[in-house]
Amino acid sequence: MENYTDEIQLKDILIKFSEYKTYLLKKKFTIITVSVFFLVLGIVFAISADKKYTAELTFVVEDQQQAGGALGSMSGMASQFGFDIGSSSNTTFSQNNILELLKSRGVVEATLMENRKVNKTEDLLIEHYLYLNKIKDSWETNNDITSVSFHGILTQDNDSVSGDVWKSIIEDKLVVELQSDEANIINLSYTSVNDEFAKTFVETLIEQMSKMYITYQTAQASNTLIFLSNRADSVFMQLEIAEEEFAKVKDINQRIIKASGRLKELQLMRKVEVLNAMYLEIVKNLELSKLTLLNQTPIIQIIDKPILPLEEEFKSKIAFGLLGAFLGGFLSLVFFIFRKLFKDALSE
């Protein structure tokens with residue numbers, strides 16, 4: 001009994017399939033017309049789409065904190081006197097952090113606020129971005145939106161616009177990734193409707209990232225250097241004053257024989273000796289601090305820079321035309337199938 005039922009169901013399916021096949025064949029000219037229409041739409045889209053250019057830059061971060069060469073020898077010499085000029089590695093930023101740093105709002109917005117020349121016009125990069133992406137044109141046609149300028153005093157509206165621009169850049173236009181798991185080379189690419197802007201943006205972005213990265217990596221050594229430099233100037237001034245006082249008192253006491261009369265001279269001489277010893281020690285520490293700062297300063301080594309003119313991203317007219325034709329044929333088939341299903345359901 002079950003086999004008989006299965007045979008009936010299979011027979012019904014084949015009958016229905018034959019009916020739909022015959023029905024769709026009757027509509028083949030309509031389906032072909034729709035497919036051709038969508039094919040034309042695909043080709044028109046490929047032709048009229050905005051040109052896009054991708055600027056690619058590769059770089060590597062060379063950490064100078066690992067002692068080696070001349071700095072390694074100096075580090076060994078300094079350690080004999082109880083000084084550390086940065087032989088240990090500071091991992092404030094790992095490689096993954098550098099990838100995220102390039103996409104951070106602080107670095108991207110600092111880049112956008114830089115003044116650069118694009119298309120023979122010098123302006124802020126964010127102003128170039130708003131113009132090239134026709135955002136300012138949309139503000140002029142929409143009365144509900146107030147036009148925003150980044151020249152002069154910045155307001156909350158500026159912060160809102162720059163935030164939207166940052167989101168648009170990191171979501172759709174900026175790609176930061178490691179070239180491979182084995183290599184430490186980082187690829188940075190940015191896509192824009194203008195090749196000159198794309199090149200300028202990636203180069204400025206790497207500059208801003210380098211400044212922030214180096215500032216954080218060398219913060220402690222820089223503070224120490226500033227303190228020792230100021231302290232050296234202060235002690236040197238005190239030493240000069242003490243030497244002048246000592247010379248004057250010594251001239252006055254040339255004919256004095258008693259020790260009590262030469263007490264002031266002895267006190268000033270001791271003060272000069274103490275300040276001189278302090279100054280020499282501070283100068284030595286100052287020079288070691290300069291070596292520490294040099295040793296802790298990482299180098300952002302750029303391997304490849306984008307070169308103008310950039311290649312235009314090619315949109316194949318054939319590929320978009322075939323995609324349009326397939327989409328048109330598929331939609332028309334779905335439409336006629338559901339139309340027949342609806343009619344059959346009503347007739348029953």
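**Exercise 1. Where two helices meet**

Work out which residues of H6 meet which residues of H9, and then sort the contact by residue class.

Solution. Start with the residue lists: on the H6 side you'll find Leu 125, His 128, Tyr 129 and Leu 132, and they meet Phe 197, Thr 200 and Thr 204 of H9. Keep in mind as you go that you're looking at a predicted model.

Next, sort them. Leu, Tyr and Phe count as nonpolar, while His and Thr go with the polar ones. Apply that, and the contact of H6 with H9 comes out at four nonpolar, three polar and no charged residues.

Now add the geometry. H6 covers residues 125-132, and its axis runs 12 Å from that of H9, at an angle of about 150°. The crossing of these two helices, H6 and H9, is left-handed.

**Exercise 2. Following the rings**

Find out how Tyr 190 and Phe 201 are arranged as an aromatic pair, then see which cluster the ring pairs build.

Solution. Searching the whole structure turns up six aromatic pairs. Take the one made by Tyr 190 and Phe 201: the centres are 4.4 Å apart and the planes make 35°. Planes under 30 degrees apart would count as stacked and over 60 as edge-to-face, so this pair is tilted.

Then ask what the pair connects. Tyr 190 sits in strand E5 (residues 186-192) and Phe 201 in helix H9 (residues 195-217), so the pair ties together parts that are eleven residues apart in sequence. Both Tyr 190 and Phe 201 are buried.

Move on to Phe 197 and Phe 201. Their ring centres are 6.1 Å apart and the planes are at 25°, so you'd call this pair stacked. Both residues belong to H9, with a spacing of four residues, or about one turn of the helix. How buried are they? Phe 197 has a relative accessible area of 0%, and Phe 201 is likewise listed at 0%.

Put the pieces together: ring pairs link Tyr 129, Tyr 190, Phe 197 and Phe 201 into a cluster. Tyr 129 and Phe 197 should ring a bell, as both are named in the contact of H6 with H9.

**Exercise 3. Building the sheet around E5**

Work out the strand order of the sheet that holds E5, and say which strands stand at the edges.

Solution. Begin at E5 and look for its partners. Strand E1 (residues 53-62) runs antiparallel to E5, and seven bridges join them. For a landmark, Thr 58 has Asn 187 in E5 as its bridge partner. Strand E4 (residues 174-178) also pairs with E5 in the antiparallel sense, over five bridges. Here your landmark is Val 176, whose bridge partner is Leu 188.

Now step outward from E1. E1 and E6 are antiparallel too, with five bridges, and Val 60 is bridged to Gln 301 in E6.

Line these up and you get an open sheet of four strands, in the order E4-E5-E1-E6. E4 and E6 (299-304) each have a single partner strand, so one side of each is left without a neighbour in the sheet. On average, neighbouring strands are turned by 25° against each other, direction ignored.

Finish with what covers the sheet. Helix H8 (residues 156-173) lies across E4 and E5, at about 55° to E4. H9 packs on the sheet as well, touching E1, E4, E5 and E6, and its direction makes about 20° with that of E1. As for E5 itself, six of its seven residues are buried.

**Exercise 4. Backbone oddities in the loops**

Find out where the cis peptide bond is, and in which loops Asn 119 and Lys 134 lie.

Solution. First, check omega: at about -5°, the bond joining Leu 308 and Pro 309 is cis. Pro 309 lies in the loop between E6 and helix H12 (317-347).

Second, check phi. Asn 119 has a positive value, near 55°, although it isn't a glycine. You'll find Asn 119 in the loop between strands E2 (115-118) and E3 (121-124). Lys 134 is another non-glycine with a positive phi, about 60°, and it lies in the loop between H6 and helix H7 (135-141).

Third, decide on exposure. Anything over 50% relative accessible area counts as exposed. Lys 134, at 53%, is therefore exposed, while Asn 119, at 40%, is partly exposed.

Notes:
Residues numbered from 1 in each chain as written. Predicted model: local features only at pLDDT ≥ 70, side-chain atom pairs only at ≥ 80, totals over all residues. Heavy atoms only, no water. Phe/Tyr/Trp six-rings, centres within 6.5 Å; stacked < 30°, edge-to-face > 60°. Buried < 20%, exposed > 50% of the residue type's maximum accessible area, 1.4 Å probe, protein only. Axes fitted to C-alpha atoms, helices over the stretch in contact; angles between N-to-C directions. Left-handed = near helix turned anticlockwise from the far one by under 90°. Contact = heavy atoms within 4.5 Å. Pairing = 2+ DSSP bridges.
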